[in-house]
Amino acid sequence: NGKDNSFNAHIHMDFLRGTRCGSDGISSASMLRPLISNGLKLSFYLTPQLHNKTSLKHLLMPSRLKETIGVSHLKIAIFDDTVLITG
């Protein structure tokens, strides 16, 4: 078709929510992975309290409970060259 299908986008998501798989075995991160070669930049936030994967808190706490400690709920709206970030 001769069209350029590339684009530039950056998605920043919470690590715990973005990598949690649904009942179909698919996570937000795995769903977006194929778009990385077309111009998508994907980054994650992981709260410092859960960053150490060898800590007792990390090893004993179930994934869903970890989300209550560290999930970040960003709401971002972009209009032309203006970015609005709310919480």
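This briefing walks through the fold, one aromatic pair, a few polar contacts and a surface patch of the chain above.

Welcome to this structure, which is a predicted model. Its chain has 87 residues, of which 21% count as buried. You will find 4 helices and 4 strands in the chain, and from the N terminus on they follow the order β-α-α-β-α-α-β-β.

**The chain as a whole**

- The chain begins with a strand, has two helices next, and then comes back to a strand; two further helices and two strands complete the order β-α-α-β-α-α-β-β.
- Among contacts in the chain with a separation of 6 or more, 54% are between residues 24 or more positions apart.
- About 6,700 Å² of the chain's surface is accessible, and carbon and sulfur atoms hold 58% of that area.

**The aromatic pair**

- A good place to start looking is the aromatic rings, where the count comes to 1 aromatic pair.
- That pair is formed by Phe15 and Phe44, whose rings are 5.9 Å apart centre to centre.
- With 85° between the planes, the arrangement of Phe15 and Phe44 is edge-to-face, because planes over 60 degrees apart are put in that class.
- Phe15 belongs to helix α1 (residues 15–18) and Phe44 to strand β2 (residues 40–45), so the pair ties together parts that are 29 residues apart in sequence.
- Phe15 is partly exposed, with a relative accessible area of 28%.
- Phe44 is also partly exposed, at 32% relative accessible area.

**Ser43 and its partners**

- Strand β2 also holds Ser43.
- The side chains of Ser43 and His10 make a polar contact of 2.8 Å.
- If you set aside neighbours within four places in sequence, Ser43 is in contact with His10, Ile11, His12 and Met13.
- Ser43 can also be placed relative to Phe15: their C-alpha atoms are 8.4 Å apart in space, while the two residues are 28 apart in sequence.

**The loop between α1 and α2**

- Asp24 sits in the loop between α1 and α2, the second of these helices covering residues 28–32.
- Asp24 counts as exposed because its relative accessible area is 55%, and the cut-off for exposed is over 50%.
- A polar atom of the Asp24 side chain lies 3.0 Å from the backbone nitrogen of Ile26.
- Cys21 is found in the loop between α1 and α2 as well.
- Cys21 is partly exposed, with a relative accessible area of 43%.
- Not counting residues up to four places away in sequence, Cys21 touches Ile26 and Ser27. Ile26 therefore appears twice in this part of the briefing: it is touched by Cys21, and its backbone nitrogen lies 3.0 Å from a polar atom of the Asp24 side chain.

**A nonpolar patch on the surface**

- Leu56, Leu59 and Leu60 form a nonpolar patch on the surface.
- Together, these three leucines have about 360 Å² of accessible area.
- Leu56 lies in helix α3, which covers residues 56–60.
- Leu56 is exposed, with a relative accessible area of 60%.

Notes. Residues are numbered from 1 along each chain as its sequence is written. This is a predicted model: local features need pLDDT of at least 70, side-chain atom pairs count only at pLDDT 80 or more; totals for chains, interfaces and linings use all residues. Side-chain values use heavy atoms; hydrogens and water are left out. Patches are made of residues with over 30% relative accessible area and no salt bridge: like charges are joined within 9 Å, nonpolar side chains (Val, Leu, Ile, Met, Phe, Trp, Tyr) within 5 Å. Accessible areas come from the Shrake-Rupley method with a 1.4 Å probe; for residues, only the protein chains shown count as cover. A salt bridge is a side-chain nitrogen of Lys or Arg within 4 Å of a carboxyl oxygen of Asp or Glu. Buried means under 20% relative accessible area, exposed over 50%, partly exposed in between (1.4 Å probe, protein chains only). Rings of Phe, Tyr and Trp (its six-membered ring) pair if their centres lie within 6.5 Å; planes under 30 degrees apart count as stacked, over 60 as edge-to-face and the rest as tilted. Contact means heavy atoms within 4.5 Å. A polar contact is a pair of N or O atoms within 3.5 Å; within protein, one must be able to donate a hydrogen and the other to accept it, and residues adjacent in sequence count only if both atoms are side-chain atoms.
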